Amino acid sequence: MKEQLQLLMRLQDIDVQVDQHETILEQLPKELQEMARNLVSLRHEISETEESLLAAETELQKKESELSVEQEKIKRSERRLLSIKNLKEHEALSREIRLGKKVAGEIEEEVLELMNRLEQFKKSLDRKTADYGDCEKKMVERKAESEKILFDAAKALESLKVEQQNLAENVRKEYFKRYTMVRKLRGNAIAEMVNGSCDGCHIAIPPQLGLRILRQQEFIYCPNCHRILYVKPENIPLPNGAQ
Ligand SMILES: [Zn+2]
């Protein structure tokens with residue numbers, strides 16, 4: 001019995017390691033894929049910002065030339081105004097000049113607004129470009145180290161599987177079946193009894209059952225979580241109260 005329990009404990013130890021390596025083999029490629037996806041979307045954002053920047057620059061040039069046309073018109077009108085003697089004509093042209101100045105003022109507002117936007121696009125572009133560089137660097141590094149990690153995990157897994165197989169063959173079928181079932185449900189199938197409680201589910205073990213666990217002559221299962229219970233040798237009291 002004791003030997004069977006030890007085999008199962010060794011098996012549990014191996015199973016935990018197998019799980020860890022399998023998780024690495026499964027997760028690491030996903031992590032790299034996620035990094036690559038992130039890079040693609042950053043690249044996409046950068047092109048979008050570049051397009052917006054270009055559009056804003058074009059718009060700014062357009063507005064600036066509109067503004068200079070308008071200002072030129074105003075100057076011409078102001079020169080013409082000096083030579084007009086007719087009061088009605090003078091008033092009409094003055095009105096035209098005021099209107100022109102109002103339009104020019106509006107265009108100036110738009111120019112300022114565009115300059116602000118341009119500034120923001122440039123900042124955002126700088127930030128995204130820097131982000132892209134960082135992410136790319138991280139991915140290259142992670143990719144390089146992942147090759148070794150994946151290789152090591154696969155190699156470790158290979159020998160662990162052999163040991164797992166050996167142990168499984170040496171454990172009695174009924175125990176193995178139970179072990180596998182509980183492990184599937186609970187993640188681990190063997191739990192230590194600590195201070196009279198199951199360390200797996202933390203429920204108190206009835207004292208009679210506790211005594212049977214201490215005797216180590218049979219497999220005892222936790223009445224609550226059904227894990228196989230054991231005690232560490234150092235926690236087993238010596239007979240006759242000897243120290
Ligand atoms: Zn339990």
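This briefing walks through the overall shape, the helices, the sheet, the core and a few individual residues of the structure above. It's a predicted model, so read everything below with that in mind. The protein has 4 helices and 3 strands, and going along the sequence they come in the pattern α-α-α-β-β-α-β. A compact globule of 243 residues would have a radius of gyration near 18 Å, but here the value is 40 Å.

**Overall shape and domains**

- Along its principal axes, the C-alpha trace of the protein spans about 130 × 40 × 35 Å.
- The domain assignment splits the protein into domain 1 (24–154) and domain 2 (174–241).
- The C-alpha centres of domain 1 and domain 2 sit 68 Å apart.
- Buried residues account for 10% of the 243 residues in the protein.
- Take the contacts between residues at least 6 apart in sequence: 73% of them join residues at least 24 apart.

**Helix H1**

- H1 covers residues 2–83, and its end C-alpha atoms are 119 Å apart.
- At 1.5 Å a residue, the 82 residues of H1 should span 122 Å, so the expected span and the one in the model agree.
- The buried residues in H1 are Leu-7, Leu-8, Leu-11, Ile-14, Asp-15, His-21, Thr-49 and Ala-56.
- What covers those buried H1 residues? The cover includes H2, H3, E1 and E3.

**Helix H2 and two of its residues**

- H2 runs over residues 87–170, and Val-103 is part of it.
- Val-103 counts as partly exposed because it has 15 C-beta neighbours inside 10 Å.
- Val-103 and Leu-67 are 36 residues apart in sequence, with 8.7 Å between their C-alpha atoms.
- Lys-123 is in H2 too.
- Is Lys-123 buried or exposed? Lys-123 has 11 other C-beta atoms within 10 Å, so it's exposed.
- Lys-123 and Lys-30 are 93 residues apart along the chain, and their C-alpha atoms are separated by 32 Å.

**Helix H3 and what comes after**

- H3 takes in residues 173–186, which is 14 residues.
- At 1.5 Å a residue, H3 should span 20 Å; its end C-alpha atoms are 20 Å apart, so that checks out.
- Right after H3 comes Gly-187, with a positive phi near 90°.

**The sheet**

- The 3 strands make an open sheet in the order E2-E1-E3, with mixed pairing.
- E2 (197–198) and E3 are the edge strands, each pairing on one side only.
- E1 and E3 run parallel and are joined by 3 bridges.
- Which residue of E3 is the bridge partner of Ala-191? That partner is Leu-229.

**The nonpolar core**

- The largest nonpolar core holds 18 residues.
- The residues with the most contacts inside this core are Leu-8, Leu-11, Tyr-179, Met-193, Cys-198, Ile-228 and Leu-229.
- H1, H3, E1 (190–194) and E3 (228–230) each put at least two residues into this core.
- H1 contributes the most to the core, with 4 residues.
- Two of the core residues just named, Leu-8 and Leu-11, also turn up among the buried residues of H1.
- Setting aside neighbours within four places in sequence, Met-193 contacts Cys-198, Ile-205, Gly-210, Ile-213, Leu-229, Tyr-230 and Val-231.

**Loop residues with positive phi**

- Asn-195 sits in the loop between E1 and E2.
- Phi of Asn-195 is near 50°, which is positive even though the residue isn't glycine.
- With 8 other C-beta atoms within 10 Å, Asn-195 is exposed.
- His-226 is in the loop between H4 (207–215) and E3.
- His-226 is another residue other than glycine with a positive phi, near 65°.
- His-226 comes out as partly exposed, since 18 other C-beta atoms lie within 10 Å and the cut-off for buried is 20 or more.

Technical notes. Residues are numbered from 1 along each chain as its sequence is written. This is a predicted model: local features need pLDDT of at least 70, side-chain atom pairs count only at pLDDT 80 or more; totals for chains, interfaces and linings use all residues. Domain bounds come from an automatic or database domain assignment. A residue is buried if 20 or more other C-beta atoms lie within 10 Å of its own, exposed if 12 or fewer, and partly exposed in between; C-beta atoms are placed from the backbone. The expected span of a helix is 1.5 Å times one less than its number of residues. A nonpolar core is a set of buried Ala, Val, Leu, Ile, Met, Phe, Trp, Tyr and Cys residues joined through C-beta atoms within 7 Å. Two residues are in contact if their C-beta atoms, placed from the backbone, lie within 7 Å. The radius of gyration is taken over C-alpha atoms; the globule rule is 2.2 Å times the number of residues to the power 0.38. Two strands pair if DSSP finds at least two bridges between them.
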